[in-house]
Amino acid sequence: MKLYDLKTGTNTRRVRIFLAEKGLKLPTVEVDMMKGENKRPDYLSKNPMGTMPLLELDDGTQLAESVAICRYVEELHPEPPLFGTTPIERALIEMWNRRIELELLIPIIDNFVHSSAFYKERLSQVADVAQRGHTHALARMRWLDIELAKRPFIAGDRYTIADITAQCALILGKNTGTLISNDLQHLARWFSDVSKRPTARA
């Protein structure tokens, strides 16, 4: 297997943390987005979307979505379980991971993409989209703070893919101006805890 990576990417970080939690290291190819390597024909022949991460299997199969890559790795290496072990646990983790993607990660990405100088020449930025993403993410942080008063991790008592997704979202938020408010003590406690994990810098 070979992983095509983008060191600064949010979804690529999600895969790297997941792999690190599994104790795995894969051969990696860094794709330089600034030089447009992800838009070159050789890369687009592997992933027509031009996105990273991309996991290329030994038989030539390509998996190009971060959660799909993580699910595949989970099937090969089920310990420690990051997607759950029972039907209800799997369903709850799926529910929370999806909520975090829709309600936190995507709004933070929208704010970044539509306000960052990096994307100014790459797409038509809309200031209202950036502001809406920022406002929505801040509101959802307050909702998460209430939820995290009830349990140590996003989906329950153990660290899972839902925590990895939230962790990556909030790292992007921290770096782009959508910050955890000082009064959100439960969310701040959770973020401090997950940031201290040995895998957090993967």
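How many disulfides does the structure hold? In this predicted model, the structure holds 0 disulfides, and two of its cysteines can serve as an entry point to the rest of the fold. C70 takes part in no disulfide, and the nearest cysteine sulfur, which belongs to C168, is 9.0 Å away. A disulfide would require the two sulfur atoms to be within 2.5 Å, so this pair, at 9.0 Å, does not qualify. C168 is likewise in no disulfide, its nearest cysteine sulfur being that of C70. Both residues are nevertheless enclosed by the protein: C70 is buried, with a relative accessible area of 1%, and C168 also counts as buried at 1% relative accessibility.

From here the reader may turn to the sheet, which is open, contains 4 strands in the order β2-β1-β3-β4, and has mixed pairing. Its edges are formed by β2 (28-30) and β4 (62-63), each of which pairs on one side only. In general, the strands of a sheet pair through backbone hydrogen bonds, in either a parallel or an antiparallel sense. Strand β1, made of residues 2-5, pairs with β2 in the parallel sense over 3 bridges; within this pairing, L3 has T28 as its bridge partner, and D5 stands opposite E30. With strand β3 (residues 54-56), by contrast, β1 runs antiparallel, and 3 bridges join the two, K2 having E56 as its bridge partner in β3. The parallel strands β1 and β2, together with helix α1, make a right-handed β-α-β unit.

Two cis peptide bonds deserve attention along the chain. One joins M52 and P53, with omega about 10 degrees, and P53 is found in the loop between α2 (41-44) and β3. Another runs from E79 to P80, where omega is near -10 degrees, and P80 lies in the loop between α3 and α4.

The helices lead into the interior. Which members of the largest nonpolar core touch the most other members? Of its 41 residues, these are L104, I154 and W190. At least two residues of this core come from each of α1 (10-22), α3 (66-76), α4 (87-113), α5, α6 and α7, and α6 gives the most, with 9 residues. Apart from this core lies another, of 6 residues, among them L6, V31, Y43 and M52; M52 is also the residue joined to P53 by a cis peptide bond. Returning to L104, and leaving aside its neighbours within four places in sequence, one finds this residue in contact with R99, A137, M141, L144, A169 and L170.

W190, another of the residues that touch the most other members of the largest core, belongs to helix α7 (residues 185-195), in which L187, W190, F191 and V194 are buried. Why do the buried residues of α7 line one face of the helix? Seen down the axis of α7, they fall within an arc of 95 degrees, and therefore they line one face. An α-helix has 3.6 residues a turn, so residues three or four places apart point the same way. What covers the buried residues of α7 includes α5 (127-147) and α6 (161-176), and these two helices, like α7 itself, are among those that each supply at least two residues of the largest nonpolar core.

Note on methods:
Residues are numbered from 1 along each chain as its sequence is written. This is a predicted model: local features need pLDDT of at least 70, side-chain atom pairs count only at pLDDT 80 or more; totals for chains, interfaces and linings use all residues. Side-chain values use heavy atoms; hydrogens and water are left out. Two strands pair if DSSP finds at least two bridges between them. Buried means under 20% relative accessible area, exposed over 50%, partly exposed in between (1.4 Å probe, protein chains only). The arc is that of the directions from the helix axis to the C-beta atoms. Contact means heavy atoms within 4.5 Å. A nonpolar core is a set of buried Ala, Val, Leu, Ile, Met, Phe, Trp, Tyr and Cys residues joined through side-chain atoms within 4.5 Å. A crossover is right-handed if, with the strands pointing away from the viewer, the path from the first strand over the helix to the second runs clockwise.
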